[in-house]
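Please work through the exercises below with the sequence and the model side by side. Each task is followed by a solution that goes step by step.

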Amino acid sequence: MMNTEATLAPSNLHSPRPGVAPGVRFFDAHPTPDDLRAEVLAGLSSMPKRLSPKLLYDERGSQLFDAITELPEYYPTRTEIGILCDHGEEMADLLGRGRVLLELGSGSSLKIRILLAALEPEIYIPIDISREHLRASAESLAEHFPALAIHATCADYSVPFELPIEGDREGLAAFFPGSSIGNFEPEEARALLGRVAKLIGVGGRLLVGIDLQKDRATLERAYDDDRGVTSAFILNVLERLNRELMADFDLKAFVHRSFYNDALGRIEVHLEALSEQRVQVAGEQFVLAAGERIHVENSYKYDIAGFHQLAAGAGFVPERVWTDPHRLFSVHCLRVEAC
Ligand code: AVI
């Protein structure tokens with residue numbers, strides 16, 4: 001059974017919004033703005049200083065992330081797409097055709113296009129925190145799939161949220177590509193998978209992309225590209241704070257640093273102050289020593305057994321895993337056994 005947390009009660013969702021294409025309904029759970037100030041001030045007051053990776057995805061950040069996915073150094077996207085193209089029919093057989101299909105962190109909804117024709121979902125629910133990006137992606141998708149019912153949902157999937165569908169449903173399908181789960185601490189990732197299990201119900205199936213452990217050089221190149229797109233993506237978070245929290249970060253005084261933390265099995269992404277910085281953020285002052293870092297993001301890499309163990313802790317049993325020939329990336333079909 002889906003629990004009440006996950007069951008529809010669309011009191012805080014507004015639909016449809018003007019300007020959306022036929023076939024698209026837009027639901028807005030109004031994620032984050034109320035919490036932004038408190039969250040940022042708490043993160044900058046902690047030792048070491050931190051900012052949530054969620055903050056990376058304003059409109060420009062989402063565009064920059066899309067540009068990252070096309071970089072030669074950033075292997076995850078093209079590798080995952082290759083796996084989806086090679087095994088899409090089999091994936092659709094396992095996920096089940098004609099179901100309600102949700103996608104967590106749908107971004108530009110590009111990968112789902114590979115599966116949509118085979119899956120023929122009753123309703124496709126792309127869920128993303130980046131409002132305008134979500135709207136544009138849903139409209140573009142509707143042009144390519146005019147018969148598809150799209151319930152675009154602007155929500156922060158890292159906290160409980162409601163699905164914009166009526167009634168008690170079980171056995172839904174979910175798609176969570178891109179190894180975005182790697183941006184959560186393992187315990188948070190388990191809790192998130194547990195919430196996904198409740199959303200899709202017993203018998204529901206999740207198709208999830210997971211980046212695999214590999215050599216340090218390949219990993220570090222993927223998070224520090226020659227063209228500086230990753231740097232621009234990470235530095236954009238300071239520009240966002242300047243704009244939205246009346247901060248005065250000098251962007252030229254920070255550099256982005258990415259490295260692989262072998263002991264923890266994760267890429268770490270930081271912003272480092274090149275000289276001492278005194279910064280105002282939402283009326284509070286913060287001092288960064290020269291060389292001090294703000295920890296912005298982790299990207300955990302798993303092996304297959306380790307990921308299955310994590311998923312088992314959230315009530316999932318593995319049904320199938322696909323990888324590319326170089327075992328860079330994996331896509332898993334998991335079934336909810338208990339939630
Ligand atoms: C969204 N996420 C899976 C990306 C990753 O690979 O962890 C975010 C990213 N950060 C820097 N480059 C890409």
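The exercises deal with the ligand site, one helix beside it, and some backbone features.

The model is predicted, so local features need pLDDT of at least 70 and side-chain atom pairs count only at pLDDT 80 or more, while totals for chains, interfaces and linings use all residues. Residues are numbered from 1 along each chain as its sequence is written, and side-chain values use heavy atoms, with hydrogens and water left out.

**Exercise 1. Determine which residues surround the ligand and which classes they belong to.**

Step 1. Collect every residue with a heavy atom within 4 Å of the ligand; this gives Tyr57, Phe65, Ile68, Tyr74, Gly178, Ser179, Ser180, Asn183, Tyr223, Phe233, Glu297 and Ser299.

Step 2. Sort them by class, where Ala, Val, Leu, Ile, Met, Phe, Trp, Tyr, Cys and Pro count as nonpolar, Asp, Glu, Lys and Arg as charged, and the others, Gly among them, as polar; the shell then has six nonpolar, five polar and one charged residues.

**Exercise 2. Find the polar side-chain atoms that lie beside nitrogen or oxygen atoms of the ligand.**

Step 1. For nitrogen, a polar side-chain atom of Asn183 lies 2.9 Å from a ligand nitrogen atom, and an N or O atom in the side chain of Glu297 is 2.8 Å from a nitrogen atom of the ligand.

Step 2. For oxygen, a polar side-chain atom of Ser299 is placed 2.6 Å from an oxygen atom of the ligand.

Step 3. Turning to cover, the protein takes up 97% of the 340 Å² of accessible area (Shrake-Rupley method, 1.4 Å probe) that the ligand has on its own.

Step 4. Among helices (H or I, at least four residues) and strands (E, at least two), taken as DSSP runs numbered from the N terminus, α2 (59–68) and β12 (293–300) are the elements that give two or more residues to the shell.

**Exercise 3. Describe how the buried residues of α2 are arranged.**

Step 1. With buried meaning under 20% relative accessible area, exposed over 50%, and partly exposed in between (1.4 Å probe, protein chains only), the buried residues of α2 are Gly61, Ser62, Leu64 and Ile68.

Step 2. Viewed down the axis of α2, these residues fall within an arc of 160° (from the directions of the helix axis to the C-beta atoms), so they line one face of the helix.

Step 3. Their cover, by contact (heavy atoms within 4.5 Å), includes α5 (131–144) and α8 (229–244).

**Exercise 4. Locate the cis peptide bond and characterise Met246.**

Step 1. The cis bond joins Met47 and Pro48, with omega about -5°, and Pro48 sits in the loop between α1 (33–45) and β2 (49–50).

Step 2. Met246, although not a glycine, has a positive phi of about 45°; Met246 is in the loop between α8 and β8 (254–261) and counts as exposed at 70% relative accessibility.

Terms used. A polar contact is a pair of N or O atoms within 3.5 Å; within protein, one must be able to donate a hydrogen and the other to accept it, and residues adjacent in sequence count only if both atoms are side-chain atoms.
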